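The questions below ask how certain labels are justified, and each answer sets a value against its definition.

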Amino acid sequence: MPVSRIVTRVAYGVSQLPRVAWYVGHGLALRQLSEVTRRQEDPRPRRRAYANKPVPDRVRIYGDMAKLFLQDLANVEAGIYPLPADHDGSLPTVLRRSRLFFDDLPAIHRRRERGAYNEVLTEETRRKRPHYYLQNFHFQSGGWMTDESAETYDTQVEVLFNGTANAMRRQALPQLQEVFAGRDQRKLRLLDIGCGTGRFLDFVKQAWPRLLVTGLDMSEAYTRHARHHLKHRSRTSFVIGKAEAIPLPDNSQEAVTSIFLFHELPPRVRRTALGECARVLKPGGRLILVDSFQRGDQPDYEGLIEVFPQSYHEPYFLSYVKEDFSTLAANCGLTLVRSVKAFVSKVMVFDKSSP
Ligand SMILES: C[S@@+](CC[C@H](N)C(=O)[O-])C[C@H]1O[C@@H](n2cnc3c(N)ncnc32)[C@H](O)[C@@H]1O
């Protein structure tokens, strides 16, 4: 094996393994804390509502995580993207975010126990954002509306996914490369809708630094965080707006991406947003969605579909998991090219036909 390949593999392991250990450790601590709190409130044994559907054991989960990371490494070795930099921040930043994560747990627990999810729906916010958006998704404090929520979000997501969230996001990049290969990246445009704190756009810019990218999100706080996260990147802009009314011209983008957004949209909005993605794509352009696996995709994981929206406030998840994206896309002129598994996510690839 060439030395360069050994170096790449070691560097990959050195960057990813401690990261996974860090977030898995948070997950274990979180479960211990919730179990202690739960037993104090109700000593009866816990009954999880998996609806008699199978759930993977820990060995299976770690095995599937390993497959994801091996695919990620294979993409690097194939030259699709460089050795990824997760940019979690300096040690003090990572520690501060960890503290924020744990500090927020009691409030999340109280919300979950009370089934409280509309704290961000106020007289002031209801004039500014759609009703469906003004919820405490995942029972998180501040919903999508506060800087504290934006600051805690990435730790929460990485803990939820055992440190694989970034690796799952990166599985959209090989699908983009098919569209960008051999073309002058300075003349190509990509729009990421529901860009959140900008983690996916960071990986896009690591692979194509000269690409013109736009992040669109309805949250001022998350957009602010994304802008800061990508402040050293040129040709990057952010727009505060709705996926269902994208403020960009028709046929203007070579690629549109969206990561972990569509399961959070009501069915009606999901349809409109998909139509908007199709509208702004150039003919021959590509839409890539990375989101949860759906019903039937992973039979051994089916029980997680039942339990996820019970533990996290996810009001549209059960409609998402049965949504037929192939038909929805076809209705707006997009063709489903393929779906690729990425641990508990899948990458759905749609092309807009050329004239
Ligand atoms: C689950 S987060 C995903 C963020 C990011 N894409 C990621 O990879 O983690 C959903 C994001 O979509 C935004 N969002 C939700 N509904 C939206 C809509 N209709 N239009 C634009 N942004 C929306 C939220 O503000 C939030 O930042």
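Q: Why is Glu151 called buried or exposed?
A: Glu151 has a relative accessible area of 15%, and buried means under 20%, exposed over 50% and partly exposed in between, with a 1.4 Å probe and protein chains only; therefore Glu151 counts as buried. This is a predicted model, in which local features need pLDDT of at least 70 and side-chain atom pairs count only at pLDDT 80 or more, while totals for chains, interfaces and linings use all residues. Residues are numbered from 1 along each chain as its sequence is written, and side-chain values use heavy atoms, with hydrogens and water left out.

Q: What makes the pair Arg97 and Glu151 a salt bridge?
A: A salt bridge is a side-chain nitrogen of Lys or Arg within 4 Å of a carboxyl oxygen of Asp or Glu, and the closest N and O atoms of Arg97 and Glu151 are 3.2 Å apart, so the pair qualifies. Arg97 lies in helix α3 and Glu151 in helix α4, so the pair ties together parts that are 54 residues apart in sequence.

Q: What joins the side chains of Glu151 and Arg96?
A: They are joined by a polar contact of 2.6 Å, the term being used for a pair of N or O atoms within 3.5 Å, where within protein one must be able to donate a hydrogen and the other to accept it, and residues adjacent in sequence count only if both atoms are side-chain atoms.

Q: How do you know that Arg19 is buried and Asp88 partly exposed?
A: The relative accessible area of Arg19 is 7%, which makes Arg19 buried, whereas Asp88, at 22%, is partly exposed. Their side chains nevertheless meet in a salt bridge, with 2.6 Å from N to O. Since Arg19 lies in helix α1 and Asp88 in the loop between α2 and α3, the pair ties together parts that are 69 residues apart in sequence. Both residues belong to a network of salt bridges that also includes Asp72, Asp86, Glu158 and Arg170.

Q: Why is Val14 called exposed or buried?
A: Val14, in helix α1, has a relative accessible area of 56% and is therefore exposed. Together with Met1, Ile6 and Val10, Val14 forms a nonpolar patch on the surface, with about 400 Å² of accessible area.

Q: How many residues does helix α2 have, and what span is expected?
A: Helix α2 (residues 58-77) has 20 residues and reaches 28 Å from its first C-alpha to its last, close to the 28 Å expected at 1.5 Å a residue.

Methods
Patch = residues over 30% accessible without salt bridge, like charges linked within 9 Å, V, L, I, M, F, W, Y side chains within 5 Å. Areas by Shrake-Rupley, 256 points an atom, 1.4 Å probe, with all protein chains shown as cover. Helix = DSSP H or I, 4+ residues; strand = E, 2+ residues; numbered from the N terminus. Expected span 1.5 Å × (residues − 1).
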